[in-house]
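Here is a model to check against its own criteria. Each question asks what earns a label, and each reply tests the value.

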Amino acid sequence: MSETQYRVAVIVGSNRQGRFAPTISDWFLRTARGRDDLDLDVVDLADHPLPHLGDTPTPEQAELLAALSLRLAAADAFVVITPEYNHSFPAVLKNAIDWHRAEWQAKPVGFVSYGGLGGGLRAVEQLRLVFAELHAVTVRDTVSFHGAWAVFGDDGEPVDPAVPNGAAKGMLDQLTWWARALRDARTARPYGV
């Protein structure tokens, strides 16, 4: 990875059976892979059955948790892909966030959300509060899909790609600006709370 490339952990924050997350994440990854300044690491929480915070992990869960911690620590930035369930984000996402602390600190977080009329934006606003508590910086621009099931065609592409592609570019431009600024700052002076 070069000095002008940023490792971005793309966190797919849903593990529900029959979830729409793969459609959203596949589109986002196709879009983001068109950039030469990103090294993407996909963390699908459906593949990381972590114990509930406070429970003692089984040996298998401890191994998954340790591997996930290393991947998050190695990231320069994060993109969280989240649905909105009952005006909030999924419990599996909160659990994965809460198992970590230092891994999030002084790093930027961008969001891709989806849902019904709200497009997942209420979930994003709540996640901003969570990440602020963890000393992460959330970027202002987001990508949101309102009525997501009707926005994508059978081919997995947005019916009208101009708006989401433009939103993804804007969000990723902000994310990489912050990734560089915060990586330079952490290198010059380690972040301490």
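Q: Which residues does V112 touch, not counting residues up to four places away in sequence?
A: This is a predicted model. In it, V112 touches I24, F28, V79, V80, I81, T82, V143, F145 and M171. Contact here means heavy atoms within 4.5 Å.

Q: What makes V112 stand out in the largest nonpolar core?
A: That core has 28 residues. V112 is among the members that touch the most others, together with I24, F28, V79 and F145. At least two residues each come from β1, α1, β2, β3, β4, β6 and α6. Helix α1 gives the most, with 6 residues.

Q: Which residues are included in the second core?
A: I11, V43, I97 and V109 are included. This core is separate and holds 26 residues.

Q: Why is β4 called mostly covered?
A: Buried means under 20% relative accessible area. In β4, residues 108-115, 8 of 8 residues are buried. P108, G110, V112 and Y114 point one way, while V109, F111, S113 and G115 point the other way. Both sets are buried.

Q: How do you know that β4 pairs with β3?
A: Pairing needs at least two bridges. β3, residues 77-83, has 6 bridges to β4, so the strands pair. They run parallel. One partner of P83 is easy to locate in β4: Y114.

Q: What makes β5 and β6 partners of β4 as well?
A: The cut-off is at least two bridges. β5, residues 137-138, has 2 bridges to β4, so it qualifies. The two run parallel, and P108 has V137 as its bridge partner in β5. β6, residues 143-146, pairs with β4 over 4 bridges in the parallel sense. There, G115 is matched with H146.

Q: Which elements make a right-handed β-α-β unit?
A: β3, α3 and β4 do. Helix α3 spans residues 91-98.

Q: Why is the contact between R71 and D41 called a salt bridge?
A: The rule asks for a side-chain nitrogen within 4 Å of a carboxyl oxygen. The closest N and O atoms of R71 and D41 are 2.6 Å apart, so the pair passes. R71 sits in α2 and D41 in β2, 30 residues apart.

Q: Are R71 and D41 buried or partly exposed?
A: Buried means under 20%, exposed over 50%, and partly exposed in between. R71 has a relative accessible area of 25%, so R71 is partly exposed. D41 is at 18%, so D41 counts as buried.

Q: How do you know that D76 and R186 form a salt bridge?
A: Their N to O distance is 3.8 Å, and the limit is 4 Å, so the pair counts. D76 lies in the loop between α2 and β3, and R186 in α6, so the bridge ties together parts that are 110 residues apart in sequence. D76 is at 5% relative accessibility, so D76 counts as buried.

Q: What makes D37 part of a network?
A: D37 is linked with R35, K169 and D173 in a network of salt bridges. D37 and R35 form one salt bridge, with the closest N and O atoms 3.0 Å apart. D37 has a relative accessible area of 16%, so D37 is buried.

Q: How many salt bridges does the rule give?
A: The count comes to 14.

Technical notes:
Residues numbered from 1 in each chain as written. Predicted model: local features only at pLDDT ≥ 70, side-chain atom pairs only at ≥ 80, totals over all residues. Heavy atoms only, no water. Buried < 20%, exposed > 50% of the residue type's maximum accessible area, 1.4 Å probe, protein only. Right-handed = clockwise from strand over helix to strand, strands pointing away. Core = buried A, V, L, I, M, F, W, Y, C linked by side-chain atoms within 4.5 Å.
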